[in-house]
Amino acid sequence: MEAAAAPGRDAPGSTASQPSGCGKHSSPERKVYMDYNATTPLEPEVIQAVTEAMWEAWGNPSSPYPAGRKAKDIIKAARESLAKMIGGKPQDIIFTSGGTESNNLVIHSVVKHFYVNQTSKGDTGVHHSPVDGAKPHFITSSVEHDSIRLPLEHLAEEQAAAVTFVPVSKASGQAEVDDILAAVRPTTRLVSIMLANNETGVVIPVPEISQRIKALNQERAAAGLPPILVHTDAAQALGKRRVDVEDLGVDFLTIVGHKVYGPRIGALYVRGLGECTLLHPMLFGGGQEQNFRPGTENTPMIAGLGKAAELVTQNWEAYEAHMRDIRDYLEERLEAEFGQKRIHLNSQFPGTERLPNTCNFSIRGPRLQGRMVLAQCRVLMASVGAACHSDHGDQPSPVLLNSGIPFNVARNALRLSVGRSTTRAEVDLIVQDLKQAVAQLEDQA
């Protein structure tokens, strides 16, 4: 496949932008990128912020000379921008290398805190609670990102923790609140549920989960049990819908830069960091990030992340409206070209909210597996599911199967995720590209 330039970034709602690769409509080099849930290109303002920081703020942020002070000021401003984006406080933001580190930091911190508390109780001779000698228990869903699923599975294999993977409802595609509450044990310490799924776009009712856990924590306190914390990975939701930690009611929230047209670093929100919510570092070093994430700060990337957050705060409503319009148009065109009976919209669950940019669909047919269709496409750049599962061969997405999509339908799935500058003209291009790809595969039958 020919290389393509980064997708254009015209103003939201524009219908005249050049899709990836530019050139005329008839050019075979023309490409249309529709994999924004996998990663996004950097906004020009973000590139500018990164470049300026490289030139002007190259100093160590802990140093007193001008280049160091400039770096420190940039980091402070970026922290404030991230806090504003999610409705939190700047002192509750910790910069990390990305979403995977943020998620692992939460999980391992909860494990560490559990065992530290158990040890301190034993040393002081304090009356032991009903959970002494047990393992910390985690609750998550069956459709989480690997950066949640795999560390939890590893902890369970090492017998350092117990984990319940709550199945999602086949009617809603969501992890249901009652099912999560039913999984709670005396040893439960953390509920980690993504805010929106990266493959289906289904939005999980995190505010209701948090409210129910908060009420349960009052009962647990009366019984001498510690509270259950709530974490949400908001990687896919940020920049596509309103995200506010007060509305969500969570104790931890993961931020990922490269999903919001920013650099490939991340951040972690911790409610009342070090006071209301304890955090245990995984790394030890020079004391940066309040000792919770040591290491000399990556000032240019932090500057870029701060600018990306600023753009989200200013424009998320326009981004959301534009992406929903384009996504809806895409689904209309698919059904018009292939017929409603032949198109199965895997991300549509009646009554369930979903991200405005995500369309997961299958074209029914025995030779129309998603990977085979994509291989025949000359214009479309997309994926069959999560980018981190690209080595799973022809196996259907576990997320779709867990969401109740039949095997033969899930095997044909394609995930198209539109971006801030995707146009209706680009949609028309890729629908025609898909039609030609399907025709070629069926002619080979």
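Colleague: Where is Gln159 found in this predicted model?

Modeller: Gln159 sits in the loop between H4 and strand S4 (162-166).

Colleague: What should I look at in its backbone?

Modeller: Look at phi. Most residues other than glycine have a negative phi. Gln159 is not a glycine, yet its phi is positive, about 60 degrees.

Colleague: Is Gln159 buried or exposed?

Modeller: Exposed: the relative accessible area of Gln159 is 59%. Now set Tyr261 beside it. Tyr261 also has a positive phi, of about 65 degrees, without being a glycine, and its place is the loop between strand S7 (252-256) and S8. Tyr261 is buried, though, with a relative accessible area of 5%.

Colleague: On to charges. How do I read a salt bridge?

Modeller: The general idea is that side chains of opposite charge can pair when their charged atoms come close. In this structure, a search of the whole model turns up 20 salt bridges. Take Glu80 and Lys76, whose side chains meet in one of them at 2.9 Å, N to O. Both belong to helix H2 (residues 66-86), four residues apart, or about one turn of the helix.

Colleague: How accessible are Glu80 and Lys76?

Modeller: Glu80 is partly exposed, at 36% relative accessible area, while Lys76 counts as exposed at 52%.

Colleague: What is the spacing between Arg149 and Asp146 in helix H4?

Modeller: They are three residues apart in H4 (residues 146-157), so about one helical turn separates them. Their side chains form a salt bridge at 2.8 Å, N to O. Arg149 is partly exposed, with 27% relative accessible area, whereas Asp146 is buried at 14%.

Colleague: Which pair links distant parts of the chain?

Modeller: Try Arg212 and Asp178, with a salt bridge of 3.1 Å, N to O, between their side chains. Arg212 is in helix H6 (residues 206-222) and Asp178 in helix H5 (residues 177-182), 34 residues apart, so the pair links distant parts of the chain. Arg212 is partly exposed at 33% relative accessibility, and Asp178 is exposed at 52%.

Colleague: Which residues are linked in a network of salt bridges?

Modeller: Arg333, Glu337, Asp428 and Lys435 are joined in such a network.

Colleague: Next, sheets. What is the order of the strands in the open sheet of three?

Modeller: To read a sheet, follow the order of the strands, then ask how each one pairs. Here the order is S9-S10-S12, and the pairing is antiparallel. Strand S9 (343-345) and strand S12 (413-417) are the edge strands, each with a single partner, so one side of each has no neighbour in the sheet. On average, neighbouring strands are turned by 30 degrees against each other, direction ignored.

Colleague: How many bridges join S9 to strand S10?

Modeller: Three, with S9 and S10 (residues 358-363) running antiparallel. Leu345 stands opposite Phe361 in S10. Helix H8 packs on this sheet, where it touches S9, S10 and S12, and its direction makes about 10 degrees with that of S10.

Colleague: Which residues of strand S2 are buried, and on which sides?

Modeller: S2 (residues 93-96) is covered on both faces: Ile93 and Phe95 are buried on one side, and Ile94 and Thr96 are buried on the other. S2 pairs antiparallel with strand S8 (residues 266-270) over four bridges. Within that pairing, Leu268 in S8 is the bridge partner of Ile94.

Colleague: Last topic, the core. Which members of the largest nonpolar core touch the most other members?

Modeller: For a core, look for the members with the most contacts, then ask which elements supply it. The largest nonpolar core here has 88 residues, and Ile86, Leu253, Phe361, Ile430 and Leu434 touch the most other members. Helix H8 (residues 299-338) gives the most to this core, 14 residues.

Colleague: Where does this core lie with respect to domain 1 and domain 2?

Modeller: Domain 1 (32-42 + 316-444) and domain 2 (88-119 + 130-294) both give residues to the core, so it lies between them. Another core, of 21 residues, lies apart from it, and includes Ile107, Leu152, Val163 and Leu273.

Colleague: And what is Leu253 in contact with?

Modeller: Leaving aside neighbours within four places in sequence, Leu253 is in contact with several residues, among them Ile86, His231, Val243, Leu248 and Leu268.

Conventions. Residues numbered from 1 in each chain as written. Predicted model: local features only at pLDDT ≥ 70, side-chain atom pairs only at ≥ 80, totals over all residues. Heavy atoms only, no water. Core = buried A, V, L, I, M, F, W, Y, C linked by side-chain atoms within 4.5 Å. Buried < 20%, exposed > 50% of the residue type's maximum accessible area, 1.4 Å probe, protein only. Helix = DSSP H or I, 4+ residues; strand = E, 2+ residues; numbered from the N terminus. Domains from an automatic or database assignment. Contact = heavy atoms within 4.5 Å. Salt bridge = Lys/Arg side-chain N within 4 Å of Asp/Glu carboxyl O. Pairing = 2+ DSSP bridges. Axes fitted to C-alpha atoms, helices over the stretch in contact; angles between N-to-C directions.
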